[in-house]
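Please read the following account alongside the sequence and the coordinates, taking the charged pairs before the helix that carries several of them, and turning to the nonpolar interior and the cysteines afterwards.

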Amino acid sequence: MSKRARRYPALHAWERDVAAAAALVAPCGLAGYLHDHPDRDPALSLNSEECEEIVARRLVILDAPLRRLRSRDAECGSTLGAVLDVSGDEELDRQQVARITAAIGFMAIL
């Protein structure tokens, strides 16, 4: 998945690394959700409530690492957080976030 994201043609050079990292960590929260809901068929689409729960779980897992990344590279950390839907920095380039999100096929791997 990260190799495919890295090759996404619409990405700018530095966005490729962010997309690859996002593709690796985007499923965070999903495994725990499925573990806690063993009757849930993972092949079925998720409803908005399920998506919100998975994003909340992802935030718990990624909060500290994203804060450390933002302290070292604010733009990269904030962009990655926005792509993963765990931060709402209004200062970001929304087109950039959309390109990276498209590259990882976000809804397909939520």
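In this predicted model, Arg57 and Asp36 form a salt bridge whose closest N and O atoms are 2.7 Å apart. The two partners come from distant parts of the chain, with Arg57 in helix 4 and Asp36 in helix 3, which covers residues 30–36, and they stand 21 residues apart. Arg57 counts as partly exposed because its relative accessibility is 21%, and Asp36, at 46% relative accessibility, also counts as partly exposed. The pair is part of something wider, since Asp36, Glu53 and Arg57 are linked in a network of salt bridges. By the distance rule applied here, the count of salt bridges comes to 5.

Another of these bridges joins Glu50 to Arg40, again with the closest N and O atoms 2.7 Å apart. Glu50 lies in helix 4 whereas Arg40 sits in the loop between helix 3 and helix 4, so the bridge ties together parts that are 10 residues apart in sequence. Are these two partners buried or exposed? Both Glu50 and Arg40 are buried, and for Glu50 the assignment rests on a relative accessible area of 12%. Leaving aside residues up to four places away in sequence, Glu50 touches Tyr33, Arg40 and Ser45.

A further salt bridge is that between Arg99 and Glu15, where the closest N and O atoms are 2.5 Å apart. It links distant parts of the chain, Arg99 belonging to helix 6 and Glu15 to helix 2, with their positions 84 residues apart. Both Arg99 and Glu15 are buried, and Glu15 is so counted because its relative accessibility is 0%. Apart from residues up to four places away in sequence, the contacts of Glu15 are with Ala10, Gln96, Arg99 and Ile100.

Helix 4, which has already supplied Arg57 and Glu50, deserves a closer reading. Its N-terminal end is capped by Asn47, a side-chain oxygen of which lies 3.0 Å from the backbone nitrogen of Glu49. Further along, the helix has a kink of about 55 degrees at Leu62, shortly before the proline Pro65. The buried residues of helix 4 are Glu50, Cys51, Ile54, Val55, Arg58, Leu62 and Leu66, a list in which the charged Glu50 appears together with nonpolar residues such as Ile54 and Val55.

Nonpolar side chains tend to be buried together in soluble globular proteins. Here the largest nonpolar core has 22 residues, and those with the most contacts inside it are Ala19, Ala22, Leu80, Val83, Leu84, Ile100 and Ile104. The elements that give two or more residues to this core are helix 2 (13–25), helix 4 (48–72), helix 5 (74–83) and helix 6 (94–103). Ile100, one of the core residues with the most contacts, is also among the residues that Glu15 touches.

The cysteines remain to be considered. How many disulfides does the model contain? The count comes to 0, and the reason in the case of Cys28 is one of distance: its sulfur is 16 Å from the closest cysteine sulfur, that of Cys51, which is too far for a bond. Cys51, likewise, is in no disulfide, the nearest cysteine sulfur being that of Cys28. Cys51 counts as buried because its relative accessible area is 14%, below the 20% limit for that class.

Technical notes
Residues are numbered from 1 along each chain as its sequence is written. This is a predicted model: local features need pLDDT of at least 70, side-chain atom pairs count only at pLDDT 80 or more; totals for chains, interfaces and linings use all residues. Side-chain values use heavy atoms; hydrogens and water are left out. A nonpolar core is a set of buried Ala, Val, Leu, Ile, Met, Phe, Trp, Tyr and Cys residues joined through side-chain atoms within 4.5 Å. Buried means under 20% relative accessible area, exposed over 50%, partly exposed in between (1.4 Å probe, protein chains only). Helices (H or I, at least four residues) and strands (E, at least two) are DSSP runs, numbered from the N terminus. A disulfide is a pair of cysteine sulfur atoms within 2.5 Å. Contact means heavy atoms within 4.5 Å. The bend at a residue is the angle between axes fitted to the seven residues ending there and the seven starting there. A polar contact is a pair of N or O atoms within 3.5 Å; within protein, one must be able to donate a hydrogen and the other to accept it, and residues adjacent in sequence count only if both atoms are side-chain atoms. A salt bridge is a side-chain nitrogen of Lys or Arg within 4 Å of a carboxyl oxygen of Asp or Glu.
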